[in-house]
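The following exercises concern metal coordination and charged side chains. Please examine the sequence and the model before reading each solution.

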Amino acid sequence: MTHLLLAVLVPHTTTVDNIAEHLAAPLLPLLDAHTIDGYRLGGGCTGAWDPGYDATLDPRNWRPCTTCDGTTRVDGGRCMDCLPAATAGLAVGTVLEWNAAQWAPHPGDIVPLPRLLDPAWSYPKGHTPDAWVDLAGIVWLDTTDAKLSGTDTGGTPPRLRQVFDDLRTGHRHPKPPGSRARFDPARWAVAIVDAHH
Ligand SMILES: [Zn+2]
């Protein structure tokens with residue numbers, strides 16, 4: 001199973017509570033075409049563009065330890081499975097949820113589009129998107145090899161610059177047919193989506 005980091009265009013009003021409805025329209029065609037088999041906000045990429053957040057230290061992602069039933073004691077000694085919680089200052093007797101697909105949605109995974117358009121913006125190492133997705137379709141950004149080989153610079157990929165230019169000049173239409181309003185970046189955000197295939 002291969003994981004992809006998709007940057008998905010969503011309305012600026014999108015929150016973790018209504019994200020599902022805003023991801024469905026642009027991503028359903030990719031599911032139908034078997035380009036991807038599944039997706040979710042964040043997932044293994046949770047917090048990818050938010051250096052101030054670590055999903056593995058979010059108390060919402062820790063579960064009672066099943067080795068010791070949360071007692072921290074096993075066979076008369078310290079349960080080693082849930083020792084990391086104590087050293088990380090998290091609830092004693094808990095362990096990190098191993099399945100990133102179960103991690104709690106992080107509001108920081110929905111980023112205002114103008115932040116990505118800022119010339120000073122750069123993607124944290126290894127977290128440049130593999131593809132851009134909006135209602136006009138998917139654009140592969142040719143970044144996957146650089147990410148795998150560790151040579152990804154975090155700069156906005158040329159193909160993504162082209163997408164941004166096309167959006168601003170009206171050559172790319174991420175809106176349903178009939179909506180003719182000029183593209184305004186302030187009315188959009190980008191969701192970090194972990195897709196697999
Ligand atoms: Zn334990």
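Three exercises with worked solutions follow, and they refer to a predicted model.

**Exercise 1.** Determine which protein atoms are the donors of the zinc ion and what arrangement they make.

Solution.
Step 1. The donors are the SG atoms of Cys-65, Cys-68, Cys-79 and Cys-82, at 2.3 to 2.4 Å from the zinc ion.
Step 2. Along the sequence, these donor residues follow the spacing C-x2-C-x10-C-x2-C.
Step 3. Four donors count as tetrahedral if all angles lie between 85 and 135 degrees. The 4 donor atoms subtend angles of 104 to 116° around the zinc ion, so the arrangement is tetrahedral. For comparison, the ideal angle for four tetrahedral donors is 109.5 degrees.
Step 4. Cys-65 and Cys-68 are buried. Cys-79 has a relative accessible area of 1% and is therefore buried too.
Step 5. The structure holds 0 disulfides.

**Exercise 2.** Locate the partners in the salt bridges of Arg-63, Asp-130 and Asp-134, and state which parts of the chain each pair links.

Solution.
Step 1. The count of salt bridges comes to 5; three of them are treated here, beginning with Arg-63 and Glu-97, whose closest N and O atoms are 3.1 Å apart. Because Arg-63 belongs to strand E3 (residues 62-64) and Glu-97 to the loop between E6 and E7, this pair ties together parts 34 residues apart in sequence. Burial is under 20% relative accessible area; Glu-97, at 12%, is therefore buried, whereas Arg-63, at 26%, is partly exposed.
Step 2. Asp-130 meets Lys-147 in a salt bridge with an N to O distance of 3.1 Å. Asp-130 lies in the loop between helix H3 (113-117) and strand E8 (131-134), and Lys-147 in helix H4 (residues 144-149), so the pair ties together parts 17 residues apart in sequence. Both Asp-130 and Lys-147 are buried.
Step 3. Asp-134 and Arg-172 form a salt bridge at 2.8 Å, N to O. This pair links strand E8, which holds Asp-134, with the loop between helix H5 (158-168) and strand E10 (188-196), which holds Arg-172; the two residues are 38 residues apart. Asp-134 and Arg-172 are both buried.

**Exercise 3.** Describe the surroundings of Asp-109 and establish how far away the nearest side chain of opposite charge is.

Solution.
Step 1. Asp-109 is placed in the loop between strand E6 (94-96) and strand E7 (110-112).
Step 2. Asp-109 is buried but has no salt bridge, and the nearest side chain of opposite charge, that of Arg-60, is 8.3 Å away. The cut-off for a salt bridge is 4 Å.
Step 3. Beyond residues up to four places away in sequence, Asp-109 touches several residues, including Leu-41, Cys-45, Thr-46, Val-190 and Ile-192. Of these, Cys-45 has 13% relative accessibility and so counts as buried.

Note on methods. Residues are numbered from 1 along each chain as its sequence is written. This is a predicted model: local features need pLDDT of at least 70, side-chain atom pairs count only at pLDDT 80 or more; totals for chains, interfaces and linings use all residues. Side-chain values use heavy atoms; hydrogens and water are left out. Donors are N, O and S atoms within 2.8 Å of the metal (3.2 Å for Na, K and Ca); water is not among the atoms, so sites may look incomplete. Four donors count as tetrahedral if all angles lie between 85 and 135 degrees; four count as square planar and six as octahedral if opposite donors are over 155 degrees apart and all others between 65 and 115; anything else is irregular. Buried means under 20% relative accessible area, exposed over 50%, partly exposed in between (1.4 Å probe, protein chains only). Helices (H or I, at least four residues) and strands (E, at least two) are DSSP runs, numbered from the N terminus. Lys and Arg count as positive and Asp and Glu as negative; His and the chain ends are not counted. Contact means heavy atoms within 4.5 Å. A disulfide is a pair of cysteine sulfur atoms within 2.5 Å.
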